[in-house]
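Me: I would like to learn how to read burial, contacts and helix faces from a model. Can we work through one case?

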Amino acid sequence: MKLNHINLCTSNVLALSSLLEKHFGFVLEETRGQHAFAQLTGMDGMTLILMDMSKTSQTYPRNFHIGFILDDPQEVRARHASLCADGYLPGPVEVMTRGRDRWTLFYHPAGDDLLIEVSAQEPA
């Protein structure tokens, strides 16, 4: 069995779709309505569905996030720099221990209490 898609709700489908396309390698496959729905596909075939939630008061639970694991800590730093260069305000790049492994990572607030984690394992 393979998890093949995730549905995310957002009050700004267009902005989140653009962020995922430009900075996380997703390709916009389909839109519906006036920015009410977007289907994006990632490089690994993962599908993200974005749906408008602006007419509801729904929020994500504390610490809910989606994560992208990169191959190298330098890629994490480059992704962080790219977001900053475009005027976004990602959290700081940190190095932390998870279990026995050290990871370089940052969290980026993507609106509506949704966080995006970008991380890579430090070389042993």
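Me: Is Ser119 buried or exposed?

Reply: Bear in mind that this is a predicted model. Buried means a relative accessible area under 20%. Ser119 has 2%, so Ser119 is buried. The residue lies in strand β8, which covers residues 115-121.

Me: Which residues is Ser119 in contact with, beyond its neighbours within four places in sequence?

Reply: Contact means heavy atoms within 4.5 Å. With those neighbours left aside, Ser119 is in contact with Phe68, Ile69, Leu70, Val76, Trp103, Thr104 and Leu105. Within its own strand, the side chain of Ser119 also makes a polar contact of 3.4 Å with that of Glu117.

Me: Is Ile69, from that list, buried or exposed?

Reply: The label exposed requires over 50%. Ile69 has a relative accessibility of 63%, and therefore counts as exposed. Ile69 belongs to strand β5, residues 65-69. Residues up to four places away aside, Ile69 touches Trp103 and Ser119. Its C-alpha is 24 Å from that of Met51, and the two are 18 residues apart in sequence.

Me: Turning to the helix, which residues of α1 are buried?

Reply: They are Val13, Leu16, Ser17, Leu19, Leu20, His23 and Phe24. These residues are on the same side of α1, because the arc they cover around the axis is only 165 degrees.

Me: What is the reach of α1 from its first C-alpha to its last?

Reply: The twelve residues of α1, 13-24, reach 15 Å, close to the 16 Å expected at 1.5 Å a residue. After α1 comes Gly25, with a positive phi near 75 degrees.

Conventions: Residues are numbered from 1 along each chain as its sequence is written. This is a predicted model: local features need pLDDT of at least 70, side-chain atom pairs count only at pLDDT 80 or more; totals for chains, interfaces and linings use all residues. Side-chain values use heavy atoms; hydrogens and water are left out. Helices (H or I, at least four residues) and strands (E, at least two) are DSSP runs, numbered from the N terminus. Buried means under 20% relative accessible area, exposed over 50%, partly exposed in between (1.4 Å probe, protein chains only). A polar contact is a pair of N or O atoms within 3.5 Å; within protein, one must be able to donate a hydrogen and the other to accept it, and residues adjacent in sequence count only if both atoms are side-chain atoms. The expected span of a helix is 1.5 Å times one less than its number of residues. The arc is that of the directions from the helix axis to the C-beta atoms.
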